[in-house]
Amino acid sequence: MKRFVVGADRGQSTLLPECLDDWIDESNPVRVIDAFVDALDLTELGFDGVEPAATGRPAYHPSVLLRLYIYGYLNRVQSSRRLEREAGRNLEVMWLLGRLVPDDKVIADFRKDNGPALRKVCARFVDLCREMGLLAKASVAIDGSKFKAVNNRDRNFTRGKVERRRVQIEESVARYLSQLDTADRQEPSETLALKTTRLNEKLAKLKEEMQRLEAHEAQMLASPDQQISLTDPDSRSMATSGRGSGVVGYNVQVAVDTEHHLIVTHEVTNTGSDRSQLANVAKDAKAVLQVDKLEAVADRGYFNGEEILACEEAGITVTLPKPMTSGAKSEGRFGKQDFVYLADEDVYRCPAGERLKYYFTAEEHGQQLRRYWTNACRTCAIKDQCTTGKERRITRWEHEHVLEAVQKRLDENPQAMRVRRETVEHPFGTIKARMGATHFQVKTLPKVATEMALSVLAYNLTRVMNIIGIEPLLAAIRA
């Protein structure tokens, strides 16, 4: 006999209320959140309100709101209003908070007022991962990704955007003036009068917009990087990997463990380029892992001689490709890589077999650069394939051997770039999917850094629960 499962009558009374704990089994992730927060010293981490005030309305303990935020970011619920709703209807949140229901302003203020402490919570979980042996391999992949800010593109101004918008306004003004001239030559009518009024209104609006644009331009030119954002003042317009595309947002840097794909360290910046980020991120990762030597792999966007040298001096072995920026190579002539440096003789051997001798050292941008050339270029049979000048000159940085060692490591391990891609792009994709299309919910760099820390904590929690399971993680937290 076919039949459906029938639910309980909503109006039926029960003799005894059901125990809330019965709804949360031992393998539920909320038990990990509860145990992790219980194990934290909130006073040491710097949370406000750990000790209640002597007067005033009773406050929520920081542990309650911290549990709520960790749960929210673990389950793609970042909004304070949505978290308030979850506290009143979600059995897991009811169990986690003891049926407390903070209002959305209290929830939002907690994230706003406890940024440094929340970032320390994220770092504390990474320390726990290290203590559990999940970060035993001293190897990381470093990368950056652009995250959208709460700032529309139209609310961001650069030199190029101001010029393009000015041209658009001037073209519109010219078009409307031309239409007014045409109207003046026609017979007066009610329809024509309405059209003329409408055109004058549009011209007045364009005049106001031009005045606003001039004010934004003056503010933009006065800023250090000649760029302003009106909604989130710390966000910046940044190019992305898509050709001709960009985003107004932040550049998030991460170092990811190559074995378990856990995020070891992260930093939120509003600098669009990665070229000056390598040493800082690598040193932070080395400090977190508490190792003497660290292996780091990055993409060509991080190639910077001084950054690589700083890593070398700090005991960090870097592997990354060098970008092809040679103008000669792009024009079909020999590039610097076609010249072989002979260390014993301190000369370069060119493709024709001639030796380029050292002549002098020059200082440029704080770097000591050695110059090499030969007088044999004038009679060389393949000179047209090498240079358009009198002779081909080669410049060698005083620490060039460090860059050559990087290239040698890449040649010996061609799979390094594949490892980097498979390691570091997974966390970014996962975090962005959880954040949704708008990415960040808050404004200004310090608050964005706090929100990113919560997203990283949620990602790492999920990874560890998937790697070792919930019960072993609970045992490690309570140990």
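This is a short talk on the two largest pockets in the structure above.

Before the pockets, one caveat: the model is predicted.

I'll start with the largest pocket. Its volume comes out at about 1,200 Å³. The lining is made up of 36 residues, and those closest to the centre are F303, K322, K336, E400 and L403. If you want to find the region on screen, centre the view on those five names.

Which elements give two or more residues to this lining? There are two helices, α11 at 305–313 and α13 at 400–412, and three strands, β9 at 340–342, β12 at 367–373 and β13 at 394–397. Of these, α13 provides the largest share, with 10 residues. E400 and L403, from the list closest to the centre, fall within the 400–412 range of α13. By residue class, the lining of the largest pocket holds 16 nonpolar, 11 charged and 9 polar residues.

Now the second largest pocket. Here the space is about 540 Å³. This pocket is lined by 20 residues, with K146, A239, T240, S241 and V247 closest to the centre.

Two strands, β1 at 139–148 and β5 at 246–257, each supply at least two of the lining residues. The top contributor is β1, which gives 4 residues. K146 sits in the range of β1, and V247 in that of β5.

What is the make-up of the lining of the second largest pocket, by nonpolar, polar and charged residues? The split is 11 polar, 5 charged and 4 nonpolar.

To recap, the largest pocket has α13 as its main contributor, and the second largest has β1.

Terms used:
Residues numbered from 1 in each chain as written. Predicted model: local features only at pLDDT ≥ 70, side-chain atom pairs only at ≥ 80, totals over all residues. Heavy atoms only, no water. 1 Å grid on protein atoms, 1.4 Å probe; cavity = no way out; pocket = protein on both sides within 12 Å on 5 of 7 lines; lining within 4 Å. Points joined across faces, edges and corners; volume = space filled by probe spheres on them. Nonpolar A, V, L, I, M, F, W, Y, C, P; charged D, E, K, R; others polar.
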